[in-house]
Amino acid sequence: MNRKWNKTALALALAGLLAAAACQNEDNNSAAPAENATNAGENNGAVPPPEGNAGGTSGATDGDTPVTDNGTTGIPDANNQPGSANGGTGTNGGTTAGSAGGGTNGSEGQADTGKQVKELLALAKQGKVPGIEFAAHTDLIDDVEKAWGQSDHEEFAGKGMYATYGAKNAVIGYNKGNQIFDVRSDDPSLQSLTLAQIEAAIGKADEQTKNGDDDIYVYKAGEDFQLKFIIPKSTGTVDHISVYAPKDAVNNMAG
């Protein structure tokens, strides 16, 4: 009986030792791969880069492959340097934006020129040109001389005398009664205007005449005045403008 019990106890003890050994081996075998997996991730780049760098990194590594996201958003790579593909996209984007900007500026320039020409016609209906306070039909040469002093020089031309004030970019025509009938300006701001710009703003001239090599385009400005653009063939742009009162271009001192 005792011998049978001893054999049973020995068998149980041996079984327990085998079970314990098996558990220990299982634990050791499962732990090693986990550590190796972690190391493999650190050593082989398994950890993904931060968000937003993928496109830039791809562009820097593979310059021939365009990166849609980076091309659209302009996000640089981790070294703040765009890849060649991104650079291409950026260049195209910049060109498009620049062209659009140029187009906008061009439209604004045309609008400004059109506004300038329309203002010339509106002032002409008052007998005036920009920057000169004296009006044809209304004012006298005496008013001009009181404000500006004596002219640089005077000469007879057409139907009256013309006084030149170079510092004012002005020539004032007046009749024998000292009444102003012609106000001319050669201000530099007018001298870039072309016939095409003028016609785009206020239409075709009512009359066209010539004086030597100068083409003169005449627009009616109300009942009393004419607005004239004098354009030499040699330049194709305005040399000067004239606001002219035909009814006053007479010798009203005649008996």
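This section describes the fold, strand pairing, core and aromatic contacts of a predicted model.

The protein has 255 residues, and 28% of them are buried. Its secondary structure comprises 6 helices and 8 strands. Along the sequence, the order is α-α-α-α-α-β-β-β-β-α-β-β-β-β. The accessible surface comes to about 16000 Å². Carbon and sulfur atoms contribute 52% of that surface. Of the contacts between residues at least 6 apart in sequence, 42% join residues at least 24 apart.

Strand pairing was examined next. Strand E3 (residues 170-174) runs antiparallel to E4, and 5 bridges join the two. Alanine 170 faces its partner in E4, serine 185. E3 and E4 make a hairpin, with 5 residues between the strands. In the turn, asparagine 178 has a positive phi of about 70°. Strand E4 (residues 180-185) is mostly covered, with 5 of its 6 residues buried.

E4 also pairs with strand E8 (residues 240-244). This pairing is antiparallel and spans 4 bridges. Arginine 184 stands opposite serine 242 in E8, and serine 185 stands opposite isoleucine 241. E8 in turn is joined to E7 by 5 bridges, again in the antiparallel sense. Here leucine 227 is the residue opposite valine 243. E8 therefore has pairings with both E4 and E7. Burial of E8 is extensive in count: 5 of its 5 residues are buried. Both faces are covered. His240, Ser242 and Tyr244 lie on one side, with Ile241 and Val243 on the other.

Strand E2 (residues 160-165) contains tyrosine 162. Its relative accessibility is 8%, so tyrosine 162 counts as buried. Beyond residues up to four places away in sequence, tyrosine 162 touches His153, Glu154, Glu155 and Ala157. The contacts of tyrosine 162 also include Val171, Ile172 and Gly173, as well as Phe181, Asp182 and Arg184. Tyrosine 162 and tyrosine 174 are 12 residues apart in sequence. Their C-alpha atoms are 6.5 Å apart in space.

The largest nonpolar core has 34 residues. Those with the most contacts inside it are Val144, Ile198, Ile202, Leu227, Phe229 and Ile241. With neighbours within four places in sequence left aside, isoleucine 198 is in contact with Val117, Gly203 and Tyr219. The contacts of isoleucine 198 also include Phe229, Ile231 and Val238. Phenylalanine 229 has 0% relative accessibility, so it counts as buried.

Threonine 113 lies in helix H4 (residues 84-124). At 16% relative accessibility, threonine 113 is below the 20% cut-off and so counts as buried. Outside residues up to four places away in sequence, threonine 113 touches Leu193 and Gln197.

Aromatic contacts complete the description. A search of the whole structure finds 5 aromatic pairs. In one of them, the ring centres of phenylalanine 134 and tryptophan 148 are 5.3 Å apart. Their planes meet at 80°, so the pair is edge-to-face. The pair links distant parts of the chain, 14 residues apart. Phenylalanine 134 lies in the loop between H4 and helix H5 (141-148), and tryptophan 148 lies in helix H5. Both phenylalanine 134 and tryptophan 148 are buried.

Tyrosine 219 and phenylalanine 229 form another pair, with ring centres 5.8 Å apart. Their planes stand at 90°, so this pair is edge-to-face too. Tyrosine 219 belongs to strand E6 (residues 214-221), and phenylalanine 229 to strand E7 (residues 225-232). The pair therefore ties together parts that are 10 residues apart in sequence. Tyrosine 219 is buried, with a relative accessible area of 3%.

Ring pairs also link Phe134, Trp148 and Tyr165 into a cluster. A charged group takes part in a further ring contact. The charged end of lysine 228 sits over the ring of tyrosine 244, at 4.1 Å from the ring centre. Tyrosine 244 is one of the buried residues of E8.

Methods. Residues are numbered from 1 along each chain as its sequence is written. This is a predicted model: local features need pLDDT of at least 70, side-chain atom pairs count only at pLDDT 80 or more; totals for chains, interfaces and linings use all residues. Side-chain values use heavy atoms; hydrogens and water are left out. Buried means under 20% relative accessible area, exposed over 50%, partly exposed in between (1.4 Å probe, protein chains only). Contact means heavy atoms within 4.5 Å. Accessible areas come from the Shrake-Rupley method with a 1.4 Å probe; for residues, only the protein chains shown count as cover. Rings of Phe, Tyr and Trp (its six-membered ring) pair if their centres lie within 6.5 Å; planes under 30 degrees apart count as stacked, over 60 as edge-to-face and the rest as tilted. A charge sits over a ring if NZ of Lys or CZ of Arg is within 6 Å of the ring centre and within 35 degrees of the ring normal. A nonpolar core is a set of buried Ala, Val, Leu, Ile, Met, Phe, Trp, Tyr and Cys residues joined through side-chain atoms within 4.5 Å. Two strands pair if DSSP finds at least two bridges between them.
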